[in-house]
Amino acid sequence: MSEHRFWGGTIRKLWPTESDKFRDHLLRLDKETRRLRFAHGVSDSFVADYADRMSDMGGIVYGYFVDGEMRAAAELRKLGDVWGHEAEAAFSVERSYQDAGIGTELMGRVIRSARNRGIHHLYMSCLAENGKMQAVARKHDADLRFEYGEVIGEIVPSDASYFSFLAEAMEDRVGYMMAVLDLQSRIAKAA
Ligand SMILES: CC(C)(COP(=O)(O)OP(=O)(O)OC[C@H]1O[C@@H](n2cnc3c(N)ncnc32)[C@H](O)[C@@H]1OP(=O)(O)O)[C@@H](O)C(=O)NCCC(=O)NCCS
């Protein structure tokens, strides 16, 4: 896939009202990608329910958008009621968008968001056979340790800096404008 196609899309945070985009993305994942994402085969209703609860879970979801459709997601979830020192991350990229650097880019955003929230350990639970996910994690200097046949990627982000806060805040402003444009195009299509 060309770099142009990658950069032709945009990465931004999802708004709580956009869980339908997240759901449609997860439902579009082919069988194998879905299995790798959830570590086992899950039904459509499980996926839809999971996406609907996105805002209740109080996490952050980054989306990669092309023409208003969400084609990839990166989730950063709290492990308790509030952000603590540990959080969990998960990633999904639709098959035809894989191997273009999107997962690597999304992981960078997640690590920065984690750092800005004082998270020291980021867990990524993925199947031991998932070489691609491990390759992405390695690109971010993750240490991987093996437990019970699953790979847990433990990333220790360095402390937040003025620049990492600023970078996330500035990106959020642009992301907000992109979300408004997406909404406008949806309204126009529906009219
Ligand atoms: C894992 C996933 C998120 C990665 O996203 P992506 O956009 O395809 O990843 P990138 O293009 O940024 O990087 C992929 C890297 O893996 C490498 N790779 C590809 N296939 C590989 C394999 N079988 N074994 C090892 N590395 C592999 C690629 O060469 C690339 O590295 P490079 O840039 O150094 O060449 C995506 O493939 C996906 O959604 N997979 C299914 C769901 C999943 O596994 N989620 C993670 C569990 S939470």
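## Ligand Site and Internal Spaces

A polar side-chain atom of Lys139 lies 2.6 Å from an oxygen atom of the ligand. The model is predicted, and the exercises below concern its ligand site, its largest pocket and its cavities.

**Exercise 1.** Determine which residues place polar atoms by the ligand's oxygen atoms, and state how much of the ligand the protein covers.

*Solution.*
Step 1. Begin with the side chains: Thr104 has a polar side-chain atom 2.5 Å from a ligand oxygen atom, and for Lys139 the corresponding distance is 2.6 Å.
Step 2. Turn to the backbone: a polar backbone atom of Asp99 is 2.9 Å from an oxygen atom of the ligand.
Step 3. Apply the cut-off: a polar contact is a pair of N or O atoms within 3.5 Å.
Step 4. Consider coverage: on its own the ligand has 960 Å² of accessible area, of which the protein covers 72%.

**Exercise 2.** Describe the shell around the ligand by residue, element and class.

*Solution.*
Step 1. The ligand is surrounded by 22 residues, the closest being Val93, Gly103, Thr104, Asn130 and Lys139.
Step 2. At least two shell residues come from each of helix H3 (31–38), strand E4 (86–93), helix H5 (102–116) and helix H6 (131–139). H6 gives the most, with 6 residues.
Step 3. Sorted by class, the shell has 10 nonpolar, 8 polar and 4 charged residues.

**Exercise 3.** Characterise the pocket that corresponds to the space taken by the ligand.

*Solution.*
Step 1. The ligand takes the space of the largest pocket, whose volume is about 660 Å³.
Step 2. This pocket is lined by 31 residues; Phe91, Ser92, Val93, Asn130 and Met133 are the closest to its centre.
Step 3. Two or more lining residues come from each of H3, E4, H5, strand E5 (121–127) and H6. E4 gives the most to this lining, with 6 residues.
Step 4. The lining has 15 nonpolar, 8 polar and 8 charged residues.

**Exercise 4.** State how many cavities of 30 Å³ or more the structure holds, and describe the lining of each.

*Solution.*
Step 1. A search of the whole structure finds 2 such cavities.
Step 2. The largest cavity has a volume of about 50 Å³. Its lining includes Phe22, Met54, Ile60 and Arg77, and E3 (69–78) gives the most, with 3 residues. By class, this lining has 6 nonpolar, 1 polar and 2 charged residues.
Step 3. The second largest cavity holds about 30 Å³ of space. Among its lining residues are Arg12, Lys13, Arg109, Glu171 and Asp172; strand E1 (10–13) and helix H7 (162–190) each supply at least two. This lining has 2 nonpolar, 1 polar and 5 charged residues.

How values were computed. Residues are numbered from 1 along each chain as its sequence is written. This is a predicted model: local features need pLDDT of at least 70, side-chain atom pairs count only at pLDDT 80 or more; totals for chains, interfaces and linings use all residues. Side-chain values use heavy atoms; hydrogens and water are left out. A residue is near a molecule or strand if one of its heavy atoms lies within 4 Å of it. A polar contact is a pair of N or O atoms within 3.5 Å; within protein, one must be able to donate a hydrogen and the other to accept it, and residues adjacent in sequence count only if both atoms are side-chain atoms. Accessible areas come from the Shrake-Rupley method with a 1.4 Å probe; for residues, only the protein chains shown count as cover. On a 1 Å grid over the protein atoms alone, a cavity is a set of points where a 1.4 Å probe fits but cannot get out, and a pocket is an open set with protein on both sides within 12 Å along at least five of seven lines; lining residues have an atom within 4 Å of a point. A molecule sits in a cavity or pocket if more than half of its atoms lie within 2 Å of its grid points. Helices (H or I, at least four residues) and strands (E, at least two) are DSSP runs, numbered from the N terminus. Ala, Val, Leu, Ile, Met, Phe, Trp, Tyr, Cys and Pro count as nonpolar, Asp, Glu, Lys and Arg as charged, and the others, Gly among them, as polar. Grid points are joined across faces, edges and corners, and a volume is the space filled by probe spheres set on the points.
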